[in-house]
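Here is a short briefing to read alongside the structure. Have the model open as you go, and follow the topics in whichever order suits you.

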Amino acid sequence: MLEKILEEIIEQLKEEGCIVDNDAGNRAEEIIRQRMNDGWIPVEERMPVKHESVLMCDAAGYREVGWWTGKRWLTGFSRDIVAWQPLPEPYRPEKGRE
């Protein structure tokens, strides 16, 4: 379904004279996917960068932080990982505030 929506958007933009390259199409797809599923990326779609900590969700809905080794998930307890998302940036206290 997403592919159909994206095709329609790209066709309409081209008809309106907009230049749409692969980068623009990929970015549009990323934005749409994030809005459709709150940033969760299904493992069928793609896997995270090797050894990068991510938030994972298993088939039962449990969430935990772990990483993908390139062959398997390293987790504390989950086994059937169905989706993942990047972790937010770490907390940084405001500069100059004491």
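A good place to start is Pro 42, whose bridge partner in β5 is Ala 83. This contact belongs to the antiparallel pairing of β1 with β5, which rests on two bridges. Please keep in mind that the model is predicted. Overall, the chain has two helices and five strands, and from the N terminus its elements follow the order α-α-β-β-β-β-β. Of the 98 residues in the chain, 23% are buried.

**The sheet as a whole**

- The five strands make an open sheet with antiparallel pairing, in the order β1-β5-β2-β3-β4.
- Its edges are β1 (41–42) and β4 (73–74), each of which pairs on one side only.
- As a reminder, strands of a sheet pair through backbone hydrogen bonds, in either a parallel or an antiparallel sense.

**Strand β2 and its two neighbours**

- On one side, β2 (residues 54–58) is joined to β5 (residues 81–86) by five bridges, and the two strands run antiparallel.
- You can trace this pairing from Val 54, whose bridge partner in β5 is Pro 86, to Asp 58, which stands opposite Ile 81 in β5.
- β2 is also joined to β3, again antiparallel, through four bridges.
- Val 54 takes part here too, as it stands opposite Gly 66 in β3.
- The hairpin of β2 and β3 has four residues between the strands, and Gly 61 in this hairpin takes a positive phi near 95°.

**Strand β3 and the edge at β4**

- Side chains alternate along β3 (residues 63–68): Glu 64, Gly 66 and Trp 68 point to one face and are buried.
- Arg 63, Val 65 and Trp 67 point to the other face and are not buried.
- β3 pairs with β4 over two bridges in the antiparallel sense.
- One residue to look at in this pairing is Trp 68, whose bridge partner in β4 is Trp 73.
- In the hairpin of β3 and β4, four residues lie between the strands, and Gly 70 takes a positive phi near 105°.

**Helix α1 and its surface patches**

- Which residues gather in a patch of negative charge on the surface? They are Glu 7, Glu 8, Glu 11, Glu 15 and Glu 16.
- Glu 15 is placed in helix α1 (residues 2–15).
- Glu 15 has a relative accessible area of 69%, so it counts as exposed.
- A nonpolar surface patch is formed by Ile 5, Ile 9 and Leu 13, with about 190 Å² of accessible area together.
- Ile 9 lies in helix α1, and because its relative accessibility is 33%, Ile 9 counts as partly exposed.

**The salt bridge**

- How many salt bridges does the structure hold? It holds one.
- The partners are Glu 89 and Arg 92, and their closest N and O atoms are 3.3 Å apart.
- In general, side chains of opposite charge can pair when their charged atoms come close.
- Are the two partners buried or exposed? Glu 89 is exposed, with a relative accessible area of 60%.
- Arg 92 is exposed as well, with a relative accessible area of 57%.

How values were computed: Residues are numbered from 1 along each chain as its sequence is written. This is a predicted model: local features need pLDDT of at least 70, side-chain atom pairs count only at pLDDT 80 or more; totals for chains, interfaces and linings use all residues. Side-chain values use heavy atoms; hydrogens and water are left out. Patches are made of residues with over 30% relative accessible area and no salt bridge: like charges are joined within 9 Å, nonpolar side chains (Val, Leu, Ile, Met, Phe, Trp, Tyr) within 5 Å. Accessible areas come from the Shrake-Rupley method with a 1.4 Å probe; for residues, only the protein chains shown count as cover. A salt bridge is a side-chain nitrogen of Lys or Arg within 4 Å of a carboxyl oxygen of Asp or Glu. Lys and Arg count as positive and Asp and Glu as negative; His and the chain ends are not counted. The place of a charge is taken as NZ of Lys, CZ of Arg, CG of Asp or CD of Glu. Buried means under 20% relative accessible area, exposed over 50%, partly exposed in between (1.4 Å probe, protein chains only). Two strands pair if DSSP finds at least two bridges between them.
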